[in-house]
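Open the model in your viewer and keep the selection tool at hand. Each stop below gives you something to select, then tells you what is there.

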Amino acid sequence: MSDTKTEARDAKPSAIGVFFDELRGSSLLIPILAIVSGLLLGGLIVAVSSKDFYEVWSTSPLQAIGNGLKAAWESYVTLFAGAFGNPSKMAAAFQSGDALIIRRAFNPFFESLVKSVPYMFAGLAVALGFRAGVFNIGVEGQIFMGGIFSVWVGYTFKGLPPIIHIPFAFLAGALGGALWGFIPGLLKAKTGGHEVINTIMMNYIAYRLTDWLLREPMKRPGSTNPISPIIEDSAKLPQFFQDPIRFHLGFFIALAVAVLVYWFLFKTTWGFNLRTVGANPRAARYAGMNIVTGTIMAMSLSGALAGMAGANELLGVNHNLSQSFSPGYGFDSIALALLGRTHPVGVILSSLLFGFLRNGAVRMQASAGIPIDIISVMQAFILAFIAAPAIVRTIYRLKEPKKAEAELRVRGWGGS
Amino acid sequence: MTTTTSTLEMGPVYVPQTRRRVLGIVFLGVAALIWLFFLRGVDPALETTMRLYPGGSKVVIDDWVFNTQNMLWLLAAGCAAVGGFQLVRGFGRRTSLAFALVGGMFVFAFLAWAASGGQLNLGGMLRIMLVRSVPLTLGALSGMLCERAGVFNIAIEGMMLTAAMVGTIVGSVSNLWIGLLGAVLAGGLLGLIHAVISIKYKTDQIISGTVINIFAVGITSFVSGKFMQPMPQFNDPGIFVPYEIPLLGQIPFLGPILFRNNLFVYSMIFFVVFLTFMFFRTRWGLRLRSVGEHPKAADTLGVNVIRTRYMAVILGGMMAGFAGAYFTLGSVGKFDQVMTAGRGFIALAAMIFGNYMPFGAMIAGLLFGFSDSLAASLALLRVKIPSEFLLMTPYLVTMLVLAGVVGRAQLPAAGGKPYEKE
């Protein structure tokens, strides 16, 4: 065994071999394989549920498998075209030289970026919570609260210059989310009520609250639909291109906030305290850190980030509040935060992935009739593989890692 | 602590001083709330009528009519008295009972106020309460099976949702009973997945449960959007009809509430009794609990920890599957996307509130079922509260109950920890 090893080391390693060895040892391999496996399993479900598959299955299974694979392949092609745009269309657009046609050709790509922005905020929210040892499943409700607060500021105050109105509305959103995170944080720290249950309850309360607000106090005058008034122009996040591209300032705000979160978590004493409370509460207590404040602060900050996701959507894209403005960003963000290893850089990358996936899936739903919920199924698979790397290792016959992997642990109902 | 000690016989419950005082102040606050919001605005001449007619019975009981203001004074005084005693002496291990008592009085005060000058069908409400408590109690039993063996199960929601869908599809193409079986098996399968991820691969149990919840929402919405909405013949399983137990069903008032129900209500009562017996009076239950309390000791004594946990989680999944079947086969007879609406998590709260006891879980389930039935009953009255706020009550009650109770629930000592054999 050791002989072959030394022999292998003496032999001149090929570049590809080195590359694969590096890849195997790196922490990137598991996420990449998790994504690939998730996409494959999602494709399998699309294949099995396609009409060409199950109607032909009883007569000729082989042809059915072929049909299923074809259906899966076609839907993924649609998904990619929907996410990145169609290259031939882009080329044709440049030849035509018409600005509107060029913008239309590139719109899918920019729309994917637009879709990934709320994921960035929401993913950072979940990641920050995990770092501090709290599991915030209430991001969806916090997004709604952020949306409510920012829209209210957006349409109530008139005549403010954008330089004041935009930050005001945006921070109001953060405040709304922070409030919705503060309550379960307080309950967890003071009574031990588990944040997983409480944040989910807060989600439903936020939905009902939104229903009521849109039916009574925040309803757009003269409208029969439950939607809020449109926000003032001065509160809208500026867009960089003309119609139909909706790419807006929120993208860069999200990047800036990610840098800020990184700096906070890894370069400040407060961040260090939070991470210590999360990694080892007993050690944190022994070192004199205040766990109660730490938990409350972590939940509030996490909620604030989630609230920014809501503010970003409403100030940047929707411009008015409706019951369906978030297609479940909050729940998707759990998977993507873990996929990004709860690190801001990882979160940004996996947000881009999820944004492109979701935007592509919208197109897939429209043209291939595949419900967009397939995205959630894929996310569940990816999450399972990320959370249990041993499964991926078993499937792909990988070696055990040299270093112990950082394990994710959520504290149970018991309080401490 | 030895693993043979029954949880029933554990020493006196220690209630910290501050918690005792805080609860006492909360109780007094409730009394103040009754006075502030309900009592002050009530016309002294108004009367509240409580109808005691659950429907269907031949025997009719007279309505219960009382003066609203007097009743509210009585209830406020009752809350204040309990609060005062709690503040000064404390109820010790009966704190939960005091908590429930004050909660009950507050709710009754609310009802008396909401129905002042009108009438409220108390019998009908109790009936709805019992029916709505079914998925919560069964879900809590599912959580109990898992957590008594040391595995947290926050996937009850996802298991119920998936089972509700599978039961509907299978029931639509065959019959109700096979549909029910399909639902139970679907729950068991998800339980198996939860067990594999969290026991074999030692993933954090809460994350493993979240995986199942996300998967359940995705797959049920996918299948429902792809097959059940375009093809309604897959979404028409029918429902289990109520069956009246002879003689007992004719008891005035109680008969129609308790003994004229469908399979799920009777099963709930059966499972509560059955599991109480199984947990605390059989070798099977002792082993299951020992695995949750002190797996190493259990292992030393020859109990197969891993196998016991697998069995418990799969059984828990099947129980959640049965609970899920209630939503479609036992209630509305068709599947809607995300129709469980957080009931799986409320069931968890019911389990904790019930202190990991089947009967406790049922009482908690009834409490939550009641808060669930509030919105349905009060929608008919001219209440000044928007219906959205009434729909919030189950969620609010869950949070309140968790806050008041969680520190004192005796959860299994090894809960949440994967077992490593040395």
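Start in chain B of this predicted model. Select helix α4, residues 122-148 of chain B. This helix lies across β1 and β3 of chain B. Its direction makes an angle of about 35 degrees with β3(B).

**The sheet under the helix**

Now add the strands. Which order do they take in the sheet? It is β2-β1-β3 in chain B, three strands in an open sheet with mixed pairing. Colour the edges next: β2 (64-67) and β3 (119-121) of chain B each pair on one side only. Neighbouring strands here are turned by 20 degrees against each other on average, ignoring direction.

Select β1 (residues 47-51) of chain B and look towards β3(B). These two run parallel and are joined by three bridges. Then look towards β2(B): β1(B) pairs with it in the antiparallel sense, over four bridges. Strands of a sheet pair through backbone hydrogen bonds, in either sense.

Pick B:M50. Its bridge partner in β3(B) is B:L120. In β2(B), B:W64 stands opposite B:M50. Step on to B:R51, whose bridge partner in β3(B) is B:N121.

**Where the chains meet**

Show both chains. How many residues does each chain bring to the contact? Chain B brings 41 and chain A brings 40. On the chain B side, select α7 (205-228), α13 (343-353) and α15 (387-405); each supplies at least two residues that touch chain A. Among these, α7(B) gives the most, with 14 residues. Colour that side of chain B by class: 27 residues are nonpolar, 11 are polar and three are charged.

**A bent helix in chain A**

Move to chain A and select α7, residues 99-131. The helix has 33 residues. From first C-alpha to last it reaches 46 Å, close to the 48 Å expected at 1.5 Å a residue. Where does α7(A) bend? Centre on A:N107: the bend there is about 50 degrees. A proline, A:P108, follows within four residues. Go on past the helix to A:G133, just after α7(A), which takes a positive phi of about 80 degrees.

**Last stop: confidence**

Colour chain A by pLDDT. The mean is 85, and 90% of the residues of chain A reach 70 or more. Now select residues 1-8 of chain A, where the pLDDT is below 50. Beyond near neighbours in sequence, this stretch has zero contacts in the model. Where pLDDT is low, predicted coordinates should not be read in detail.

Key:
Residues are numbered from 1 along each chain as its sequence is written. Chains are lettered from A and ligands numbered from 1 in the order in which they are written. This is a predicted model: local features need pLDDT of at least 70, side-chain atom pairs count only at pLDDT 80 or more; totals for chains, interfaces and linings use all residues. The expected span of a helix is 1.5 Å times one less than its number of residues. The bend at a residue is the angle between axes fitted to the seven residues ending there and the seven starting there. Two residues are in contact if their C-beta atoms, placed from the backbone, lie within 7 Å. Ala, Val, Leu, Ile, Met, Phe, Trp, Tyr, Cys and Pro count as nonpolar, Asp, Glu, Lys and Arg as charged, and the others, Gly among them, as polar. Two strands pair if DSSP finds at least two bridges between them. Axes are lines fitted to C-alpha atoms, for helices over the stretch in contact, and angles run from 0 to 180 degrees between N-to-C directions. pLDDT is the predictor's confidence in each residue, from 0 to 100.
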